[in-house]
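Biologist: Please take a close look at the helix packing in this model, and then go through the other side-chain and backbone details around it.

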Amino acid sequence: MSRPEIDVRGLYKSFGQNRVLRGIDLEIGRGEVVCVIGPSGSGKSTLLRCVNLLEEPTEGRVFVGGTELTDPDVDIDAARRRIGMVFQQFNLFPHLTVTENLTLPQRRVLRRGKARAAKVAAENLARVGLSEKADAYPSSLSGGQQQRVAIARALAMGPEVMLFDEPTSALDPELVGDVLAVMRMLADEGMTMMVVTHEMTFAREVADRVVFMDGGVIVEDGTPDRVIKAPRHERTRHFLSRLLDPAMADVEEETSDQVGGGT
């Protein structure tokens, strides 16, 4: 069996007395798309943030591309260059144009020249269907367009792995489709992706595997057909039944994990 692209071993994370992750073991192969689902407060976002050490694990080991990020001697900046991250919020610089938002990190982190950075920016704006917005400012874009710019910015850094933390949760429903279409394109291109999401249609149609988390542990891990259509555990069945009830889903979305800033 080939080496996993993402390898999480015995991961624990606590915030004070609150243990958010309770011994996570997870492998994601190269080119695999894994969607992580579960109720708010289950530890999904904390797990994602531990993968690139935005959160420092309390215990356990994390490997990406064979490099151990939890090794005290690792060059974490170099390791993170292999990992693209897209957040719920777009985090674009409002005073910079779309192109400038894409070229700035390339020039500062990768030390690319101005012409090369601009060329890579243009290529990735084309990938997400926003070439015509190259000179626009973020304030003139819809939320969906801003999120696609954020994805293009991450892609411009040449990552081997992409992490998505609820990338459509801040968007109006009519804007979700374009963002998911870009993510489908990346999946078709063979990008390794770990996606925290409530978008069950995306998980069902695009993911190779679905991981259901609750209470800081992985409850189920399997194909979309098995986990979503035929869950084996009552906790999974209960969560999925709530998603089918719009009133309950609204309550779920409004509930946030107050400790550690992640779900």
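Modeller: What follows starts with one helix pair and then moves to rings, cysteines and loops.

This is a predicted model, in which local features need pLDDT of at least 70 and side-chain atom pairs count only at pLDDT 80 or more, while totals for chains, interfaces and linings use all residues. Residues are numbered from 1 along each chain as its sequence is written, and side-chain values use heavy atoms, with hydrogens and water left out.

Helix α5 covers residues 143-155 and helix α6 covers residues 176-188. Helices (H or I, at least four residues) and strands (E, at least two) are DSSP runs, numbered from the N terminus. The axes of α5 and α6 are 9 Å apart and the angle between them is about 25°. Axes here are lines fitted to C-alpha atoms, for helices over the stretch in contact, and angles run from 0 to 180 degrees between N-to-C directions. The two helices α5 and α6 are therefore roughly parallel. Angles under 35 degrees count as roughly parallel, over 145 as roughly antiparallel, 65 to 115 as roughly perpendicular and the rest as oblique. On the α5 side the contact is made by G144, Q147, R148, I151 and L155; on the α6 side it is made by D178, V179, V182, M183 and L186. Contact means heavy atoms within 4.5 Å. An α-helix has 3.6 residues a turn, so residues three or four places apart point the same way.

In the loop between β7 (161-165) and α6 lies E174. E174 is exposed, at 63% relative accessibility. Buried means under 20% relative accessible area, exposed over 50%, and partly exposed in between (1.4 Å probe, protein chains only). The C-alpha atom of E174 is 38 Å from that of R9, 165 residues away along the chain.

Next come the rings. The structure holds one aromatic pair. The ring centres of F212 and F239 are 5.4 Å apart with planes at 40°, so the pair is tilted. Rings of Phe, Tyr and Trp (its six-membered ring) pair if their centres lie within 6.5 Å; planes under 30 degrees apart count as stacked, over 60 as edge-to-face and the rest as tilted. F212 belongs to strand β9 (residues 209-214) and F239 to helix α9 (residues 234-243), so the pair ties together parts 27 residues apart in sequence. F212 is buried at 0% relative accessible area, and F239 is buried at 2%. Elsewhere, K13 lies over the face of F15, 4.9 Å from the ring centre. A charge sits over a ring if NZ of Lys or CZ of Arg is within 6 Å of the ring centre and within 35 degrees of the ring normal.

Helix α1 (residues 44-51) has seven of its eight residues buried, among them L47, L48 and C50. Just after α1, L53 has a positive phi of about 60°. C50 has 0% relative accessibility, and C35 is also buried at 0%. The structure holds zero disulfides. The sulfur of C50 is 19 Å from the closest cysteine sulfur, in C35, too far for a bond, since a disulfide is a pair of cysteine sulfur atoms within 2.5 Å.

Two loop residues remain. N91, in the loop between β6 (83-86) and α3 (98-109), has a positive phi of about 55° although it is not a glycine. N91 is partly exposed at 48% relative accessibility. R111, in the loop between α3 and α4 (114-127), has a positive phi near 60° and is exposed at 69%.
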